[in-house]
Amino acid sequence: MATIECGDCGNNVSDSANYCPHCGNKNFKSQHEERRKKVLEDLMDKDPIVKAQIERLREDEKVRVEKRKRILEQKQEAKKKKNMIIYNIILFITAFFIFYWLWSWLLK
Ligand SMILES: [Zn+2]
């Protein structure tokens, strides 16, 4: 379990808590996120190498997300195709039995 420093009172609070038990601050998590973002941006401003690395990491993450999305789409497409085939087979069998029934009824 990780702890986060509360932005209002400075005490360490469990990140699973909904509010700071020391001062009642409900926004300590978003404050923490904002501070982390700010630290990261300061770092990026100071060091172009760090900036390039972080940007590359973000780019990698974007590519990963994109790839995952594509795989999911392909899976859904395959599933749709499979459903379509099953639907057609059922339709064909139903049509066959209707014709068969009609045929035998006509021959009576
Ligand atoms: Zn607090």
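**Reading an extended two-domain chain**

In this predicted model, the centres of domain 1 and domain 2, taken over C-alpha atoms, are separated by 43 Å.

Reader: Where do the two domains begin and end along the chain?

Author: Domain 1 covers residues 1-42, and domain 2 covers 47-108.

Reader: Let's turn to secondary structure. How many helices and strands does the protein chain have, and in what order do the elements run?

Author: There are two helices and two strands. Starting at the N terminus, the order is β-β-α-α.

Reader: How do I read the radius of gyration of the protein chain?

Author: The general idea is to set the value beside what the globule rule gives for a chain of that length. Here the radius of gyration is 30 Å, well over the 13 Å that the rule gives for 108 residues, so the chain is more spread out than a compact globule. The spans of the C-alpha trace along its principal axes add to the picture: about 95 × 40 × 20 Å.

Reader: What share of the residues is buried?

Author: A residue counts as buried if 20 or more other C-beta atoms lie within 10 Å of its own, and as exposed if there are 12 or fewer. In this chain, buried residues make up 4% of the 108.

Reader: Could you walk me through a case? Is Gln74 buried or exposed?

Author: Happily! Gln74 sits in helix α2, and it counts as exposed because it has 10 C-beta neighbours inside 10 Å. Pro48 is also placed in helix α2; with 9 C-beta neighbours inside 10 Å, Pro48 counts as exposed too.

Reader: And what distances separate these residues from others along the chain?

Author: Gln74 and Glu55 are 19 residues apart in the chain, and their C-alpha atoms are 29 Å apart. For Pro48 and Trp101, 53 residues apart along the chain, the C-alpha separation is 79 Å.

Reader: Now the helices. At what angle do α1 and α2 pack?

Author: Angles that are neither roughly parallel, roughly antiparallel nor roughly perpendicular count as oblique, and the antiparallel class starts over 145 degrees, the perpendicular one ending at 115. Helix α1 (residues 28-46) packs with helix α2 (residues 48-107) at about 125 degrees, their axes 5 Å apart. That makes α1 oblique to α2.

Reader: Which residues make the contact?

Author: On α1 they are Leu40, Leu43 and Met44, and on α2 Val50, Lys51 and Ile54. By class, the contact has five nonpolar residues, one charged and no polar ones.

Reader: Finally, what share of contacts joins residues at least 24 apart in sequence?

Author: Among contacts between residues at least 6 apart in sequence, that share is 15%.

How values were computed:
Residues are numbered from 1 along each chain as its sequence is written. This is a predicted model: local features need pLDDT of at least 70, side-chain atom pairs count only at pLDDT 80 or more; totals for chains, interfaces and linings use all residues. Axes are lines fitted to C-alpha atoms, for helices over the stretch in contact, and angles run from 0 to 180 degrees between N-to-C directions. Helices (H or I, at least four residues) and strands (E, at least two) are DSSP runs, numbered from the N terminus. Angles under 35 degrees count as roughly parallel, over 145 as roughly antiparallel, 65 to 115 as roughly perpendicular and the rest as oblique. Two residues are in contact if their C-beta atoms, placed from the backbone, lie within 7 Å. Ala, Val, Leu, Ile, Met, Phe, Trp, Tyr, Cys and Pro count as nonpolar, Asp, Glu, Lys and Arg as charged, and the others, Gly among them, as polar. The radius of gyration is taken over C-alpha atoms; the globule rule is 2.2 Å times the number of residues to the power 0.38. Domain bounds come from an automatic or database domain assignment.
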